[in-house]
Amino acid sequence: MKAKHQRLTLVLLAVAAVVAAALLALSALKDQAAFFYSPSDARAQGLPLGRAVRLGGMVAANSIARAPDGVTVRFTVTDGQATTPVTFAGIVPDLFRERSGVVAEGQFRPDGSFVASELLAKHDEKYMPPQVKGALHETKTLER
């Protein structure tokens, strides 16, 4: 076999190996991807049953109910158009409260409720650490 044919064979094998590695990586990551839904998206597109997804929105007012076991929390997530009841068993984040943003990772049940395995509380995007806010007031760069 000529050197030219050997190089061509090696290049083709290398390309095939890279494609195979990419396909294996994508198939492994497919199961780990968690898609984001709001309550109205889930209602409009149908419930993605049996898949790990993220549900995001605001915690509805007067919807937080703690179970007697001290660990289970039930609340409602809303996006202003639709609501979804959520159940979470675990320690809730410090920023978790009514009328605050939340992202729950878990699965939908056939009845339309959501069972969360993880909760992420979101703070207001206007939040600023006190040290930064104080420094901005001192330099008069804060517009408010």
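**Exercise 1.** In what sense, and over how many bridges, do β4 and strand β5 (residues 83–89) pair?

*Solution.* The structure is a predicted model, and the pairing is read from it as follows. Strand β5, which spans residues 83–89, pairs with β4 in the antiparallel sense, and the two are joined over seven bridges. As one point of register, V77 stands opposite T84 in β5. The two strands form a hairpin with four residues between them, and in its turn G80 has a positive phi of about 95 degrees.

**Exercise 2.** Work out which further strands pair with β4, and give a facing residue for each.

*Solution.* Begin with strand β2 (residues 53–59), which pairs with β4 in the antiparallel sense over two bridges; here M58 stands opposite T78 in β4. Continue with strand β3 (residues 65–66), which also pairs with β4 in the antiparallel sense over two bridges, and in this case A65 stands opposite R74 in β4. The β3 and β4 strands belong to a hairpin with five residues between them, where G70 takes a positive phi near 80 degrees.

**Exercise 3.** Explain why strand β4 (residues 72–78) is described as largely enclosed by the rest of the structure.

*Solution.* The criterion to apply is that a buried residue has under 20% relative accessible area. Five of the seven residues of strand β4 are buried, and the strand is therefore largely enclosed by the rest of the structure.

**Exercise 4.** Decide whether G101 and L23 are buried or exposed, and place each in its element.

*Solution.* Take G101, which is found in strand β6 (residues 101–108). Its relative accessible area is 8%, so G101 is buried. The C-alpha atom of G101 is separated by 9.5 Å from that of T78, a residue 23 positions away along the chain. Turn next to L23, which has its place in helix α1 (residues 3–30). Because its relative accessibility is 56%, L23 counts as exposed. Together with V11, V15 and V19, L23 makes a nonpolar surface patch of about 360 Å².

**Exercise 5.** Describe the largest nonpolar core and identify the strand that supplies its largest share.

*Solution.* The core has 19 residues, of which F75, V86, F96, V102, F114, A116 and L119 touch the most other members. At least two residues of this core are supplied by each of β2, β4, β5, β6 and β7 (114–122). The largest share, four residues, comes from β7. As general background, nonpolar side chains tend to be buried together in soluble globular proteins.

Technical notes:
Residues are numbered from 1 along each chain as its sequence is written. This is a predicted model: local features need pLDDT of at least 70, side-chain atom pairs count only at pLDDT 80 or more; totals for chains, interfaces and linings use all residues. Side-chain values use heavy atoms; hydrogens and water are left out. Patches are made of residues with over 30% relative accessible area and no salt bridge: like charges are joined within 9 Å, nonpolar side chains (Val, Leu, Ile, Met, Phe, Trp, Tyr) within 5 Å. Accessible areas come from the Shrake-Rupley method with a 1.4 Å probe; for residues, only the protein chains shown count as cover. A salt bridge is a side-chain nitrogen of Lys or Arg within 4 Å of a carboxyl oxygen of Asp or Glu. Buried means under 20% relative accessible area, exposed over 50%, partly exposed in between (1.4 Å probe, protein chains only). Two strands pair if DSSP finds at least two bridges between them. A nonpolar core is a set of buried Ala, Val, Leu, Ile, Met, Phe, Trp, Tyr and Cys residues joined through side-chain atoms within 4.5 Å.
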